[in-house]
Amino acid sequence: MKERIKELLEEIKGLQALNKDDLESLRIKYLSKKGEISSLFNDFRNVSNEQKKEVGQLLNDLKNTAQDKINEIKASLEKKVEETNKLDLTRTPDPIELGTRHPLSIVKTEIADIFGRLGFVIAEGPEVEDDWHVFSALNFPPEHPARDMQDTFFITRDPDVLLRTHTSSVQTRVMTSQEPPIRVLCPGRVYRNEAISYRAHCFFHQVEGLYIDKNVTFADLKQALLYFAKEMFGEGTKIRLRPSYFPFTEPSAEMDISCNLCGGTGCAFCKGTGWVEILGCGMVDPNVLDSCGIDSKVYTGYAFGMGIERITNLKYQVKDLRMFSENDVRFLNQFKSAY
Ligand code: DAH
């Protein structure tokens, strides 16, 4: 008898119920007239007189424990129901915080959109490149300083595997794989071995443009760039082209736009000149066309290349280049945009 009481006591201490029905069946099992505990009380008659006091005590304790346990479960079930009733399922949820696009993505998309209206389509190429696609095919002389370890990150030497230093390498990729007419815009990340500071970084982003067809002239280049400048910086924007040198274009030029901060009257940003440089461009050098398998006697073309950080700085006056790669949400949150 004492053993059975002990067993039941353990069993009762561990009781659980998911709902009222569960609980009711537990009550019936242990506490009803035909329940386990009542049947022990019936057997109590057979307990010897010397043991009656002790066993009686144990039986009463068992009954009280069972009653307390049932009450405890009942209370906790009632509390749960009450809490569920308090839940207001019609309440408007907390607003979802939307992220913002990275400023460089916004500007890249805007550049792609503007040139897209002129018929340019996106082309991409690898960031890990070889010497030929980045330099040789683009008419860089063997002793050109850009080929130097000081400017270029090499992954292996001989064969030269390197991180592209400009997106002009995508020109090579496109020209060797497509027939003219070609009209592509090539955005991407580029790498240079520079000390990191507020105005230089070891990686940044460029957009390259390339147009090759019969009878493409410098006038077409100028018209496309003027359209870009006005769309990007406003209708009143002026451009000027200054003669320059790039191995892969002849003639080559650098393009300035009228300073979009002072409107061309001269300020600290444009160093009092009224102009700010935004890109390099030129007519594709016939050597480049020929080395990529395009007949330079039949086709001509123009190319241009610009830094996305540079354009972004002009649009948003970001003073420190490093902010673009620090992922500080206080900085990034400021760029809400339609793009
Ligand atoms: N690749 C040049 C650079 O990284 C930029 C450039 C200049 C690209 C003139 C061009 C171009 O396509 O015609 O500085």
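Helices and strands are DSSP runs numbered from the N terminus, a helix (H or I) having at least four residues and a strand (E) at least two. The model shown in the views below is predicted.

**View 1. The surroundings of the ligand in the predicted model.** The ligand is surrounded by 15 residues, and the closest of them are His166, Ser168, Arg192, Gln206 and Glu208. By class, the residues of this shell comprise eight polar, five nonpolar and two charged ones. At least two shell residues come from each of four elements, namely helix 7 (168-175), strand 6 (203-213), strand 9 (275-284) and strand 10 (300-307).

**View 2. Polar side-chain atoms at the ligand.** An N or O atom in the side chain of histidine 166 is found 2.9 Å from a nitrogen atom of the ligand, and a polar side-chain atom of serine 168 is 3.0 Å from a nitrogen atom of the ligand. In the case of glutamine 206, a polar side-chain atom lies 3.0 Å from an oxygen atom of the ligand. The protein buries 88% of the 350 Å² that the ligand exposes when taken alone.

**View 3. The open sheet of seven strands.** The strands of this open sheet follow the order 1-5-6-10-9-8-7, and their pairing is mixed. Strand 1 (121-122) and strand 7 (239-246) stand at the edges, and because each has a single partner strand, one side of each is left without a neighbour in the sheet. Strand 6 and strand 10 run antiparallel and are joined by eight bridges; within this pairing, valine 207 has methionine 306 of strand 10 as its bridge partner.

**View 4. Strand 9 and the strands that pair with it.** Eight of the ten residues of strand 9 are buried, so this strand counts as mostly covered, where buried means under 20% relative accessible area. Strand 9 pairs with strand 8 (residues 249-258) in the antiparallel sense over eight bridges, and serine 252 stands opposite glycine 282 of strand 9. The pairing of strand 9 with strand 10 is likewise antiparallel, over five bridges, and here cysteine 281 stands opposite phenylalanine 304 of strand 10.

**View 5. Histidine 205 and its side-chain partners.** Histidine 205 belongs to strand 6, and it counts as buried because its relative accessibility is 15%, which falls under the 20% cut-off. Its side chain is joined to that of glutamate 309 by a polar contact of 2.8 Å, and to the side chain of arginine 189 by a polar contact of 3.2 Å.

**View 6. Two cis peptide bonds.** Most peptide bonds are trans. Proline 180 and proline 181, by contrast, are joined by a cis peptide bond with omega of about 5°, and proline 181 is found in the loop between helix 7 and strand 5 (182-191). A cis peptide bond also joins glutamate 250 and proline 251, with omega of about -5°; here proline 251 is found in strand 8.

**View 7. Positive phi values at aspartate 158 and asparagine 327.** Most residues other than glycine have a negative phi. Aspartate 158, however, has a positive phi, near 60°, and lies in the loop between strand 3 (154-156) and strand 4 (161-163). This aspartate 158 counts as exposed because its relative accessibility is 76%, and exposed means over 50%. The phi of asparagine 327 is also positive, near 55°, and this residue lies in the loop between helix 10 (308-316) and helix 11 (329-332). With a relative accessible area of 54%, asparagine 327 is exposed as well.

**View 8. Asparagine 71 and the separation of the two assigned domains.** The domain assignment of the protein chain gives domain 1 as 2-85 and domain 2 as 103-335, and the centres of these domains, taken over C-alpha atoms, are separated by 83 Å. Asparagine 71 lies in helix 4 (residues 49-86) and counts as partly exposed, because its relative accessibility is 41%. Between the C-alpha atoms of asparagine 71 and threonine 237, which are 166 residues apart along the chain, the separation is 82 Å.

Notes
Residues numbered from 1 in each chain as written. Predicted model: local features only at pLDDT ≥ 70, side-chain atom pairs only at ≥ 80, totals over all residues. Heavy atoms only, no water. Near = heavy atom within 4 Å. Polar contact = N/O pair within 3.5 Å; in protein donor to acceptor, adjacent residues only side chain to side chain. Areas by Shrake-Rupley, 256 points an atom, 1.4 Å probe, with all protein chains shown as cover. Nonpolar A, V, L, I, M, F, W, Y, C, P; charged D, E, K, R; others polar. Buried < 20%, exposed > 50% of the residue type's maximum accessible area, 1.4 Å probe, protein only. Pairing = 2+ DSSP bridges. Domains from an automatic or database assignment.
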